[in-house]
Amino acid sequence: MKRIRKCALLLLPLAVLGSLFVACPGCEDEPDDGDLDQYFEDHPYVSDPRHSGTRIVVTISPAFTNVVDIGDQILFTASGGRLPYTWVVLGGSGTLERRGNYQALYTAAAVAPRTILVHDANGDAAIATIGGSPLTIQPSGTNIVNQGDAAGGTQTFNVYGGSGGYLWVVSDQTKGTLNTDSGSTVQYTGNTNDVTGINIITVYDSKNNQVKSYVEQK
């Protein structure tokens with residue numbers, strides 16, 4: 001998404017689907033230990049690395065990473081053990097594409113947690129975790145009161161998730177202003193006059209995703 005200073009609210013769509021995807025494209029549901037437990041129960045020849053003590057035969061890198069936007073891609077690399085590797089993604093929408101003998105490319109179809117499992121021909125396995133942090137703003141809307149020449153009302157806004165590097169924009173500075181245009185927290189102050197109406201607060205991350213809130217001044 002490009003950075004566009006408009007008042008329309010754009011939200012990242014979140015997909016919640018329920019199935020298991022093995023090796024290449026498919027669908028998943030939100031992962032938890034139950035997903036892993038069920039996989040190992042259904043595939044008893046695959047060892048569970050959570051309960052295999054200190055023995056490490058197969059490794060995966062990165063072991064933990066994060067997605068912040070639909071379409072984000074993560075290249076996973078396996079090592080150790082005996083070829084060929086089998087790749088599995090548990091937990092929700094997304095795809096895995098093999099890249100040679102040792103790698104698989106994950107493409108996010110939702111900003112949500114996922115689990116990547118790889119095991120070798122001997123059934124030795126390794127697990128990676130994908131976190132999901134969509135861009136959100138709090139509060140999503142608020143009211144403040146401006147009273148004549150008295151000090152204008154104030155409201156603090158916080159942004160979470162996304163890819164960082166935040167940029168804040170207020171749609172109408174005749175109604176109010178922000179104390180800064182960067183950082184994860186800003187303070188909005190209504191002008192010290194009887195200006196009323198709705199002002200839109202927009203925050204962008206470094207990937208030009210955006211989320212909006214509003215201040216209604218009375």
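A residue is taken as buried when its relative accessible area is under 20%. By that criterion, 40% of the 218 residues of the protein are buried in this predicted model. The secondary structure comprises one helix and 17 strands. Among contacts between residues at least 6 apart in sequence, 61% link residues at least 24 apart. The accessible surface amounts to about 10,600 Å², and carbon and sulfur atoms account for 51% of that area.

Helix 1 is a good place to begin a tour. It spans residues 33-42, and L36, Y39 and F40 are buried within it. Viewed down the helix axis, the buried residues fall within an arc of 95°, so they line one face of helix 1. Y39 has a relative accessibility of 2%, and because this is under 20%, Y39 counts as buried. F40, at 9% relative accessibility, is buried by the same cut-off.

Aromatic rings come next. A pair of aromatic rings is described by the distance of the centres and the angle of the planes. Two aromatic pairs are found in the structure. One of them joins Y39 and F40, with 6.0 Å from centre to centre and 80° between the planes, an edge-to-face arrangement. In the other, Y85 and Y102 have ring centres 6.0 Å apart and planes at 65°; because planes over 60 degrees apart count as edge-to-face, this pair is edge-to-face. Y85 sits in the loop between strand 4 (73-79) and strand 5 (86-90), while Y102 sits in the loop between strand 6 (94-99) and strand 7 (103-108), so the pair ties together parts that are 17 residues apart in sequence. The partners can also be described by their exposure: Y85 is buried, at 3% relative accessibility, whereas Y102 is partly exposed, with a relative accessible area of 42%.

Strand 7 has pairing partners on record here in strand 4 and strand 6. Strand 4 and strand 7 run antiparallel and are joined by five bridges, with Q73 standing opposite T107 of strand 7. Strand 6 pairs with strand 7 over six bridges, again in the antiparallel sense, and G94 has A108 of strand 7 as its bridge partner. Strand 6 and strand 7 also make up a hairpin with three residues between them, and G100 in the turn has a positive phi of about 75°. Beyond strand 7, A109 is placed in the loop that leads to strand 8. A109 is partly exposed, with a relative accessible area of 35%. The C-alpha atoms of A109 and G94 are 4.7 Å apart in space, although the two residues are 15 apart in sequence.

The nonpolar interior can now be considered. In soluble globular proteins, nonpolar side chains tend to be buried together. The largest nonpolar core in the model contains 18 residues, and those with the most contacts inside it are I60, F76, W87, Y106, I116 and V118. At least two residues of this core come from each of strand 4, strand 5, strand 7, strand 8 (114-119) and strand 9 (125-132). Leaving aside residues up to four places away in sequence, I60 touches F76, T77, A78, W87, I116, V118, A126, I127 and A128. A second, separate core has 15 residues, among them V159, Y166, L178 and Y188.

Y188 leads on to strand 15, which covers residues 185-190 and has side chains that alternate between two faces. V186, Y188 and G190 point to one face and are buried, whereas T185, Q187 and T189 point to the other and are not buried. Strand 12 (residues 154-160) pairs with strand 15 in the antiparallel sense over five bridges, and N158 stands opposite T185 of strand 15. Strand 14 (residues 176-178) also runs antiparallel to strand 15, through three bridges. There, G176 has G190 of strand 15 as its bridge partner. Strand 14 and strand 15 form a hairpin with six residues between them, and in the turn G183 has a positive phi of about 90°.

Technical notes. Residues are numbered from 1 along each chain as its sequence is written. This is a predicted model: local features need pLDDT of at least 70, side-chain atom pairs count only at pLDDT 80 or more; totals for chains, interfaces and linings use all residues. Side-chain values use heavy atoms; hydrogens and water are left out. Buried means under 20% relative accessible area, exposed over 50%, partly exposed in between (1.4 Å probe, protein chains only). Helices (H or I, at least four residues) and strands (E, at least two) are DSSP runs, numbered from the N terminus. The arc is that of the directions from the helix axis to the C-beta atoms. Rings of Phe, Tyr and Trp (its six-membered ring) pair if their centres lie within 6.5 Å; planes under 30 degrees apart count as stacked, over 60 as edge-to-face and the rest as tilted. Two strands pair if DSSP finds at least two bridges between them. A nonpolar core is a set of buried Ala, Val, Leu, Ile, Met, Phe, Trp, Tyr and Cys residues joined through side-chain atoms within 4.5 Å. Contact means heavy atoms within 4.5 Å. Accessible areas come from the Shrake-Rupley method with a 1.4 Å probe; for residues, only the protein chains shown count as cover.
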